[in-house]
Amino acid sequence: MSRERSNARRRALQALYQWQLTGQSLSDIETQFLQEEDMAKTDLDYFKELLHQIPSHITDLEAHCLPHVSRPMEQVDPVERAALLIGLYELQYRLDVPYRVAINEAVELAKSFGAEQGHKFVNGLLDKVAKQLRAAEFKAKSK
């Protein structure tokens, strides 16, 4: 887990939060972040991937949560939703990221930016989804 990759996730969470609240175009948000934020120690390619790929796969990503939540994902706190989406994206599409790293990074984002107990919601939900999406990793870990 690199510091640059963690910073990319942090910036992506902030950008996805902005996108959820404002509905601004992703290109405009990207430009704003690149111009106004300190992105020096950030994996820019990963930031851009998360910012653009998560919204394009949002229906698919959130479908994994439906069996485990009692409310529509649109009603989840926007910070926790953004952290969940980052974790879900990594679990489903970035198999190079170990499931424990994907979950831990999302939980840390929720702790830093979310509501007081929001990280517990993020942790529990991602753990359930990871058992489905990364069943082979779970099985290998238990041996």
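The expected span of a helix is 1.5 Å times one less than its number of residues. I begin with that rule because it lets us judge the helices of this structure, starting with helix 5. Please keep in mind throughout that this is a predicted model.

Helix 5 covers residues 78–93, which is 16 residues. From its first C-alpha to its last it reaches 22 Å, close to the 22 Å expected at 1.5 Å a residue. At its N-terminal end, helix 5 is capped by D77, whose side-chain oxygen lies 2.9 Å from the backbone nitrogen of V79. How many of the residues of helix 5 are buried? The number is 13 of the 16, so helix 5 is largely enclosed by the rest of the structure.

Let me now turn to the whole protein. It has eight helices and zero strands. Read from the N terminus, the order of elements is therefore simply α-α-α-α-α-α-α-α, if we take helices and strands as DSSP runs. The radius of gyration is 14 Å, close to the 15 Å that the globule rule gives for 143 residues, so the protein is as compact as a globular protein of that length. Along the principal axes, the C-alpha atoms fill a box of roughly 45 × 35 × 30 Å.

Of the 143 residues, 44% are buried. The protein exposes about 7500 Å², and carbon and sulfur atoms supply 47% of that area. As for the contacts with a separation of 6 or more, 71% of them are between residues 24 or more positions apart.

We come next to the interior. In soluble globular proteins, nonpolar side chains tend to be buried together. Here, the largest nonpolar core has 43 residues, and those with the most contacts inside it are F47, I54, I86, V122 and L126. At least two residues of this core come from each of helix 1, helix 2, helix 3, helix 4, helix 5, helix 6 and helix 7. Which helix gives the most to this core? That is helix 5, with nine residues.

One residue of the core deserves a closer look, namely I54. Leaving out residues up to four places away in sequence, I54 touches L16, E49, L61, L85, I86 and Y89. I54 is also one of the buried residues of helix 3, together with Y46, F47, L50, L51 and P55. What covers these buried residues of helix 3? The cover includes helix 1, helix 2, helix 4 and helix 5.

Helix 3 itself has 13 residues and reaches 18 Å between its first and last C-alpha, close to the 18 Å expected at 1.5 Å a residue. At its start, a side-chain oxygen of D43 comes to within 3.3 Å of the backbone nitrogen of D45.

Helix 1 can be treated in the same manner. Its 20 residues should span 28 Å at 1.5 Å a residue, and its end C-alpha atoms are 28 Å apart, which agrees. The buried residues of helix 1 are R5, S6, N7, A8, R9, R11, A12, L13, A15, L16 and Q18. They pack against helix 2, helix 3, helix 5 and helix 6. Just after helix 1, G23 takes a positive phi of about 70°.

Among the buried residues of helix 1 is R9, and the side chain of R9 makes a polar contact of 3.2 Å with that of E105. E105 is placed in helix 6. Is E105 buried or exposed? With a relative accessible area of 8%, E105 is buried, since buried means under 20%.

Q20, also in helix 1, gives a contrasting case. Its relative accessibility is 22%, so Q20 counts as partly exposed. Apart from its neighbours within four places in sequence, Q20 is in contact with P78, R81 and A82. Q20 and E74 are 54 residues apart in sequence, and their C-alpha atoms are 9.3 Å apart in space.

My last residue is K131, which has its place in helix 7. At 45% relative accessibility, K131 counts as partly exposed. K131 and L91 are 40 residues apart in sequence and 10.0 Å apart in space, C-alpha to C-alpha.

To close, I return to helix 5: it is largely enclosed by the rest of the structure, and it gives the most to the largest nonpolar core. Thank you for your attention.

Conventions
Residues numbered from 1 in each chain as written. Predicted model: local features only at pLDDT ≥ 70, side-chain atom pairs only at ≥ 80, totals over all residues. Heavy atoms only, no water. Helix = DSSP H or I, 4+ residues; strand = E, 2+ residues; numbered from the N terminus. Buried < 20%, exposed > 50% of the residue type's maximum accessible area, 1.4 Å probe, protein only. Polar contact = N/O pair within 3.5 Å; in protein donor to acceptor, adjacent residues only side chain to side chain. Rg over C-alpha atoms; globule rule 2.2 N^0.38 Å. Contact = heavy atoms within 4.5 Å. Areas by Shrake-Rupley, 256 points an atom, 1.4 Å probe, with all protein chains shown as cover. Core = buried A, V, L, I, M, F, W, Y, C linked by side-chain atoms within 4.5 Å.
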